Amino acid sequence: MVFASLNFVEIDVILRRGGNINRSDIHLYQFICDNYDELRSFYERFGCNLVQHPDGFFFLLSRGDVLRSRLMSKPCMHLGMFIALKMRDPEITRSSGKFSTAQLLKAIETAVPHETLQRVYAPKQREASQYERIAEEILRALKVLEDLRFLKVKEDTIRPTEAINRFAEVARHVGDSNPAAREALLTQRGVTFSDAEEDSPVSMDMENGEETGESQD
Amino acid sequence: MSDNQIAVATEILTVVKSILDERRQVVLPTWDIALLILIWNHLNTEKGLALSISEPEIRHLAFRLDSIEDSKEAQSAEKRCTEAISRLLKSECLSRADMNRLVISDDSEYHITTLGAGVAAWNFEHEKFSGEPLTAILKAFNSYLVKIALDAEQATDRNWHEDIMVQMRVVLNDMLVNVYRHQHGLDQQHEHLRNFIPSLLTEGSEESIKYCEEQLTNVIRTIIDLQEVTLASANTAFQQIRKIEEMGLSNNFSETEETCADIERKLNSVTQWTMQRATEWVEHHNIVHEFLRTVVYIDRQRRVTEALKHEVAAEPQWTFELIEEQSFVKFRESDEQVTTLHTAPRRRKRVYAHDIEEVSIDDLPERLTIILNSEALGDEIYLSRLLKKVLDEGADELDLVYHGPWFMGQIMETGVVDREFRQWTRISNILEIQEMKVLKNGLCKS
């Protein structure tokens with residue numbers, strides 16, 4: 001029985017916490033591929049879609065109110081996009097797609113305007129302690145992205161998974177004024193836009209509650 | 001020695017002597033070798049496999065060489081080409097294919113000699129990423145080991161050391177050193193390739209991508225072949241080494257165990273190198289292919305990259321909505337519960353001892369009343385006298401000041417205040433009062 005398997009336990013925990021199942025998690029990936037129809041109908045009863053991205057990885061999208069959902073914070077979003085951008089630099093092949101935390105901090109400091117870093121990672125910080133706070137927030141966001149399986153971190157070496165392409169794909173289409181494209185992003189990719197956040201009950205919960213792995217300023 | 005062998009040996013000595021007498025040498029600068037390789041490649045790739053190459057064609061190849069080297073001086077390029085052709089002729093890597101021997105002109109034609117072809121081919125092979133030299137060495141290693149194992153079967157105590165152990169230690173070790181050297185060479189070549197690939201990907205043209213894919217395929221083919229050969233060779237080698245070791249140990253021949261263990265250890269490092277490189281090179285191969293797939297082929301216009309650059313430069317205006325739920329009850333057969341001992345909370349120590357300050361009952365009003373009543377028996381009451389009396393009894397000056405207004409009111413009730421009598425009178429070191437004289441008309445109220 002599918003649901004009595006330990007593999008199901010593992011993937012269920014990951015998916016219900018907003019994580020992605022990548023091809024590198026070969027036994028879990030294979031399990032989902034082998035039992036996709038059964039798992040999809042299972043999660044449909046919870047008002048969720050088990051989505052397989054064109055790049056192969058799986059994630060869960062909420063369609064209803066049965067399972068609670070949350071919005072990813074700005075630091076996590078920005079860092080995810082930056083890492084997705086870094087993976088599109090041919091130089092990344094030199095190190096077989098890996099880089100260190102120090103390299104990431106240096107790259108983000110060089111490539112992103114300081115004002116943007118301050119607004120995203122340390123919006124309420126005084127100038128004197130901004131840099132330290134920005135670095136702390138980046139590391140915190142890195143941990144969240146790791147928990148959500150957008151990347152793997154082993155002994156200070158970061159290796160993004162294919163799920164990082166979610167950020168790249170949305171960035172490509174987010175400026176598209178076509179309503180159908182926007183609707184597709186909302187329904188099939190789990191994207192929420194800033195203008196929709198103020199009306200959304202999820203974002204109101206975010207203002208009152210605490211986000212996992214994040215700190216409140 | 002047979003007659004044939006003698007003839008061969010004599011011929012070789014004759015050749016050697018003539019080389020020494022004629023002081024023959026092959027000195028080829030870098031540019032000349034590069035030109036020779038281009039000539040060799042041109043002759044091999046021409047339709048019908050041309051036998052000769054003309055002077056203008058050589059100059060055209062030289063021009064290509066200058067563009068690779070990024071040389072901009074046209075005049076020196078002409079001169080350099082002419083000098084290179086002369087040197088190649090002199091070192092007999094090229095020879096004239098036309099009738100002219102002294103003059104180099106546009107009509108001149110050349111063909112490449114076996115020496116020139118050998119030099120070009122060797123350089124070409126040397127640059128190719130290939131495990132063939134390593135494969136060849138490993139095969140030779142095994143062949144030699146098999147020969148030693150056969151010799152070991154017939155060896156005695158007297159010749160065990162010379163024929164078996166020395167050969168293992170010296171010859172096999174040399175072969176293994178050769179293997180390490182080739183492995184190191186392959187590592188360097190792969191490192192060079194790893195550093196070169198980003199430039200091919202950046203250029204992004206069809207040719208560069210195709211060349212990149214060819215190089216990657218070459219690397220993977222090499223490592224797969226090397227893995228097969230190394231594992232097969234290592235298996236055979238270990239069997240032979242164990243055979244030799246058993247023979248040596250059973251006959252109590254010295255040095256057997258250490259020598260065999262040493263060779264085995266070195267062979268293990270060879271196989272481990274192969275396995276480690278397989279992981280690393282395949283990983284690199286996968287990353288480059290992933291890049292080709294997601295960036296080069298799908299995003300030819302680099303729109304996704306530009307969009308990401310734009311998004312990263314500003315605050316994110318969108319986000320992902322993620323599921324956040326706790327997991328199901330786990331379907332497990334046993335779930336061990338670990339009990340934790342709850343320790344009592346430690347509270348901060350409070351000090352319950354109080355400092356008690358004794359405050360004496362204020363009896364000054366009573367004393368003042370008694371003194372007033374005793375003075376009231378006379379005709380006149382002087383405030384200063386009453387206050388001096390109570391001060392002499394030990395009253396505190398500040399308490400006296402505190403009760404002063406009330407006392408003055410008590411005195412005034414005993415009679416009429418003499419308004420003319422108001423001089424200042426000192427009653428103590430710190431107290432000076434304006435005198436109050438009351439002409440009494442009876443006892444005051446307490």
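## Strands and a hairpin in chain A

Two strands count as paired if DSSP finds at least two bridges between them; helices (H or I, at least four residues) and strands (E, at least two) are DSSP runs, numbered from the N terminus. This is a predicted model, where local features need pLDDT of at least 70, side-chain atom pairs count only at pLDDT 80 or more, and totals for chains, interfaces and linings use all residues. Residues are numbered from 1 along each chain as its sequence is written, chains are lettered from A and ligands numbered from 1 in the order in which they are written, and side-chain values use heavy atoms, with hydrogens and water left out.

Let's start with β6 of chain A (residues 157-160). Strand β4(A), residues 99-100, pairs with β6(A) in the antiparallel sense over 2 bridges, and A:Phe99 has A:Ile158 as its bridge partner. Strand β5(A), residues 151-154, is also antiparallel to β6(A), this time over 4 bridges; here A:Lys154 is matched with A:Thr157. β5(A) and β6(A) make a hairpin with 2 residues between them, and A:Glu155 in the turn has a positive phi of about 50°.

The side chains of β6(A) alternate: A:Ile158 and A:Pro160 point to one face and are buried, while A:Thr157 and A:Arg159 point to the other and are not. Buried means under 20% relative accessible area, exposed over 50%, and partly exposed in between (1.4 Å probe, protein chains only).

## Two nonpolar cores

A nonpolar core is a set of buried Ala, Val, Leu, Ile, Met, Phe, Trp, Tyr and Cys residues joined through side-chain atoms within 4.5 Å. The largest one has 49 residues, and those touching the most other members are A:Met72, A:Leu79, A:Ile83, A:Leu145, A:Phe167, B:Trp318 and B:Phe320. Helix α4 of chain A (residues 74-86) gives the most to this core, with 8 residues.

Take A:Ile83: leaving aside neighbours within four places in sequence, its contacts (heavy atoms within 4.5 Å) include A:Phe99, A:Leu142, A:Leu145 and A:Pro160. A second, separate core of 48 residues includes B:Ile148, B:Phe253, B:Cys260 and B:Phe291.

## Aromatic rings

Rings of Phe, Tyr and Trp (its six-membered ring) pair if their centres lie within 6.5 Å; planes under 30 degrees apart count as stacked, over 60 as edge-to-face and the rest as tilted. The whole structure holds 15 such pairs over all chains. A:Phe3 and A:Phe8 have ring centres 5.0 Å apart and planes at 85°, so they are edge-to-face. A:Phe8 also pairs edge-to-face with A:Phe42, at 5.5 Å centre to centre and 85° between the planes. That second pair links distant parts of the chain, with A:Phe8 in helix α1(A) (residues 6-16) and A:Phe42 in helix α3(A) (residues 36-44), 34 residues apart. A:Phe3, A:Phe8, A:Phe42, A:Tyr43 and A:Phe46 form one aromatic cluster.

## A helix and a sheet in chain B

Helix α6 of chain B (residues 132-154) has 23 residues, which at 1.5 Å a residue should span 33 Å; its end C-alpha atoms are 34 Å apart, which agrees. The expected span is 1.5 Å times one less than the number of residues. Its buried residues include B:Leu134, B:Phe141 and B:Ile148, and what covers the buried residues includes α7 (157-203), α8 (206-250) and α9 (256-297) of chain B.

Chain B also has an open sheet of 3 strands in the order β1-β3-β2, with antiparallel pairing. The edge strands are β1 (53-54) and β2 (94-96), each pairing on one side only.
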